[in-house]
Amino acid sequence: MLDYLVIGIFTGAAYGLLAVSFVLVYKGTRIFNLAQGEIGAFGLYFAWVLVESGVPVAVAALAGVALAALTGLTMERLLVRRLVDSTPLAALAATLGAGLTLAYIESIVWGWNIKTFPSPIGTWRWEVGSLTITSTRVAALVVAAIVASGLVVFLRRTRFGLSVQAATSDQVLARLSGVKVDQVRSFVWALGGALAGVAAILLAAVLTFHPLSTTLILVRALTAAMLGGLTSLPGAFVGGLVIGVAESVVISQTGVGGMVDLVIFMIMLGVLILRPGGIFGAQEA
Amino acid sequence: MRKKLETQALIGGARIGPVLLLGILLAVILTFPTLGSYSLYVFALLAIQGIAVLSLNLLMGYAGQVSLGQAAFIGMGAYGTAQFASWGVPFPFTIVFSVVTTVAAATLVGLPSLRIKGLQLAATTLAFGIMAEQLLFARPWSKTATVGMIADRPEAMASDRAFLVVALLGLGLVLLIDSSVRRSRIGRSFFAVRYREDTAAARGVPVGQVKLLAYAMAGLYAGIAGGLFAYLIERVSATPFSVWKSLWFVVVIVVGGIGSWSGALVAAILFTGMTELLRPIAAYSPLIGAVLLMLAPVLRPQGLGWILERPIRSRRARVIEAEVIEREPVDVHELVTHRRPVRFSVPMRTLLSLRDVELTIGGLEILRGVNLEIRRGELVGLIGPNGAGKTTVFNCVSGFLKPTAGEITYRGRDVLALPPHARPDLGIIRTFQQVGICAPLTVWDNVLLGQYAIHPYGVVSALVRTPRVRRDEKDAAKRATAALEAVGLRDLAGERAGSLPHATQRLVEVAGALAAGPEILLLDEPAAGMDPEETRLLGARLAALRKDLDLTMVVIEHHIPMVADLCEFVYVLAEGRVMAEGSPAEVQRDPAVIATYLGEERLSREEVAVGV
């Protein structure tokens with residue numbers, strides 16, 4: 001049981017990172033971006049292609065993250081910017097369409113079959129008592145934690161990070177104080193895309209991937225984000241850990257994959273009905 | 001950038017249309033004995049898809065509740081039917097029972113909508129869809145999980161032709177229900193909740209109940225679709241109800257135009273037809289759907305419905321013209337509501353009274369002990385600088401905010417315990433500073449919306465359109481005409497409310513408020529954005545209405561001459577307190593008022609009030 005708890009933390013960290021990227025975009029532009037997972041997955045596929053053609057894994061992963069950032073940026077420039085006047089419902093539909101478009105393009109180009117991604121930090125395993133920790137799991141936890149805390153430091157300590165914070169909390173005021181809100185919006189989407197790319201690659205190394213798999217994973221990330229009230233970056237990360245642990249424990253205790261989805265659904269309902277403001281870290285990041 | 005307006009199909013619409021359509025379809029099918037088994041299958045599939053998309057159209061398009069897990073409800077209908085069949089339940093009851101369970105499940109999934117609004121709900125439906133697919137339909141507890149469940153058709157509809165007739169009858173039934181809903185106060189309340197929850201509540205719509213009803217009705221349609229689908233394929237497996245199917249439904253609804261039943265049907269037919277008939281491009285149909293889903297909100301938010309419903313709309317506009325605009329003059333006394341016997345529990349003229357009302361939000365004292373007495377038949381002005389708490393007073397009286405201390409009584413009765421939607425029934429009707437209209441609907445439909453509480457017929461009556469419903473709807477039309485006449489907007493009845501000038505939109509809201517049968521009317525800056533002539537006219541109309549309808553009015557207004565002309569009593573609010581009260585002349589002489597309010601007024605007459 002304790003083993004599964006630990007195992008859950010590794011994947012949970014990657015869920016948390018995806019949740020953080022979702023919250024960043026949601027806070028920054030008030031778009032409930034259902035394409036967030038697929039933006040990352042697009043970078044993941046690119047990285048996979050590079051690895052297949054012999055590029056070193058770490059380099060390929062970085063290139064994939066860069067493409068994910070570019071995908072996020074492009075989506076903001078070409079699509080999201082035109083949704084300003086739309087109803088939230090229409091905007092939601094558009095992001096869903098964008099995510100599905102990316103996924104179906106992947107399926108046409110690379111097929112539906114299930115793929116795996118090699119560990120970006122080499123392959124080794126680590127035996128601790130009854131527990132086997134693989135390098136992919138370590139990568140998921142360490143990289144996700146570093147990236148997520150790096151983001152928080154960036155937002156709180158750097159001048160540009162503060163202007164992002166300003167623009168996301170009050171657009172009018174930020175514009176009056178000389179923050180270039182449009183640039184910040186693009187930046188937030190690019191940054192969100194990069195984070196999603198990191199999360200997608202880490203998860204692909206631990207689990208497997210296929211077109212649309214990241215949309216399914218996004219549901220876990222969304223639940224994590226809701227545990228943090230949809231506005232807290234640390235809350236979303238902690239939420240991801242909780243989801244990862246819950247998943248690992250439920251799988252080990254029941255052996256039925258569908259039970260995890262039931263638990264995720266119950267957590268979501270529970271949070272929304274009992275604590276709509278979230279449970280972890282209601283404060284700002 | 002060019003501003004794109006989302007237009008909404010008129011709530012009414014043709015009842016004869018769907019019946020005619022289905023009649024023709026039935027005739028074609030029955031007279032073409034050469035139709036092969038595959039064609040019959042495709043037609044039946046289309047009919048069932050039609051019911052399925054109408055289910056999502058009602059939930060998302062009418063009531064504005066996004067569902068990304070609709071296929072799960074249809075799957076519940078199908079699995080339920082197969083399950084009941086396996087327990088030996090005879091045919092129609094298999095579907096009936098499974099519809100009941102599907103309705104229950106859909107209502108359950110809708111429960112969080114009572115607590116929260118918006119897009120997080122979409123995430124829960126997605127999670128529900130995935131859970132249903134992975135657990136309920138995968139049935140890890142069953143040995144037969146991999147082969148699916150058997151649902152053999154009963155003798156009577158064993159042939160493909162007979163089954164097609166049953167499927168089309170099912171679609172016809174759902175179309176009739178849908179049309180009855182749209183033409184009733186139930187459908188109007190769905191749209192009101194979708195576009196303006198606060199206005200809906202202020203007109204007596206119990207927002208939470210209405211949302212749950214929308215989920216339940218979507219479950220009803222989905223259950224019927226699922227039950228028929230089980231008998232179509234006769235072996236129920238999880239694949240047709242995957243979460244991707246749910247997202248496909250969203251594609252259909254958005255491409256068809258969110259809220260347009262005919263657009264949704266045509267889009268469903270186009271997509272299914274594309275997949276079934278044009279096999280070579282079938283592989284690309286998900287991609288095509290996804291691209292359309294991405295682009296439709298940007299390029300054409302109205303979807304196909306925009307093209308399809310234009311003829312219906314122009315016909316409805318003509319009907320409105322004939323019945324509303326060109327009919328003989330109406331008497332404003334149509335608006336007097338007799339359902340409310342005047343009972344004063346205290347023998348005094350005071351209608352509304354606020355005593356020491358305090359409100360603190362997040363440590364901020366917004367109201368610090370407000371005392372107001374509004375006597376029956378009075379026209380009272382409520383003035384004060386921005387942020388004085390005027391709108392907050394309205395919010396407390398109409399139930400949108402709960403005072404932290406103090407009491408509010410109406411006709412001597414404590415109203416604090418009543419939710420917002422129960423207060424219109426007492427005769428407390430308000431308007432909003434941010435105009436409380438449903439912009440995509442017509443002026444006419446907006447005014448009909450106001451009357452939710454006046455004709456309290458239930459869902460079942462609405463569905464079968466009992467004589468009482470017909471009578472009530474006629475009465476509603478009469479009252480709406482009178483209300484439009486009273487504010488001088490009868491000529492604009494057929495216009496899209498959101499396309500009118502701002503000042504006219506305010507009048508639309510006032511008309512809706514009048515139609516709601518007010519005893520006391522709380523108007524929040526009714527003259528904002530009007531030119532002096534329009535303001536004068538509005539003042540004259542309000543004064544006349546007060547006399548004719550025996551109304552009591554409280555008006556928040558920045559336009560001092562209008563207040564001075566119109567009101568016999570004025571309260572001046574500043575910093576959450578009443579700083580002066582009396583006749584307009586008395587108040588205008590008050591040195592404190594001159595210092596704090598009128599001084600600022602001169603500076604900031606045009607400033608938009610940011611009142612809390």
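**Exercise 1. Describe the side of chain B that touches chain A: how many residues are in contact, and which helices supply them?**

Step 1. In this predicted model, 38 residues of chain B are in contact with 41 residues of chain A, two residues being in contact if their C-beta atoms, placed from the backbone, lie within 7 Å.

Step 2. On the side of chain B that touches chain A, α5 (119-136), α10 (243-256) and α13 (285-299) each supply at least two residues, and the largest share, twelve residues, comes from α5(B). Helices here are DSSP runs (H or I, at least four residues), numbered from the N terminus.

Step 3. By class, this side of chain B has 29 nonpolar, five polar and four charged residues; Ala, Val, Leu, Ile, Met, Phe, Trp, Tyr, Cys and Pro count as nonpolar, Asp, Glu, Lys and Arg as charged, and the others, Gly among them, as polar.

**Exercise 2. State what confidence the predictor gives to the complex and to chain B.**

Step 1. The complex has an ipTM of 0.90 and a pTM of 0.89.

Step 2. Chain B averages a pLDDT (the predictor's confidence in each residue, from 0 to 100) of 84, and 88% of its residues score at least 70. Over residues 1-15 of chain B the pLDDT is below 50, although this stretch has 40 contacts in the model beyond near neighbours in sequence.

Step 3. Local features need pLDDT of at least 70 and side-chain atom pairs count only at pLDDT 80 or more, whereas totals for chains, interfaces and linings use all residues. Residues are numbered from 1 along each chain as its sequence is written, and chains are lettered from A and ligands numbered from 1 in the order in which they are written.

**Exercise 3. Work out whether α8(A) is enclosed or open, and how α8(A) packs against α3(A).**

Step 1. Of the 26 residues of α8(A), 22 are buried, so this helix is largely enclosed by the rest of the structure; a residue is buried if 20 or more other C-beta atoms, placed from the backbone, lie within 10 Å of its own.

Step 2. Helix α3 (residues 57-78) of chain A and helix α8 (residues 181-206) of chain A pack at an angle of about 140°, with their axes 7 Å apart. The axes are lines fitted to C-alpha atoms over the stretch in contact, and angles run from 0 to 180 degrees between N-to-C directions.

Step 3. The contact of α3(A) with α8(A) has twelve nonpolar, seven polar and three charged residues.

**Exercise 4. Decide whether A:Ala13 is buried or exposed.**

Step 1. A:Ala13 lies in helix α1 (residues 2-29) of chain A.

Step 2. A:Ala13 has 27 C-beta neighbours inside 10 Å and therefore counts as buried.

Key. A residue is buried if 20 or more other C-beta atoms lie within 10 Å of its own, exposed if 12 or fewer, and partly exposed in between; C-beta atoms are placed from the backbone.
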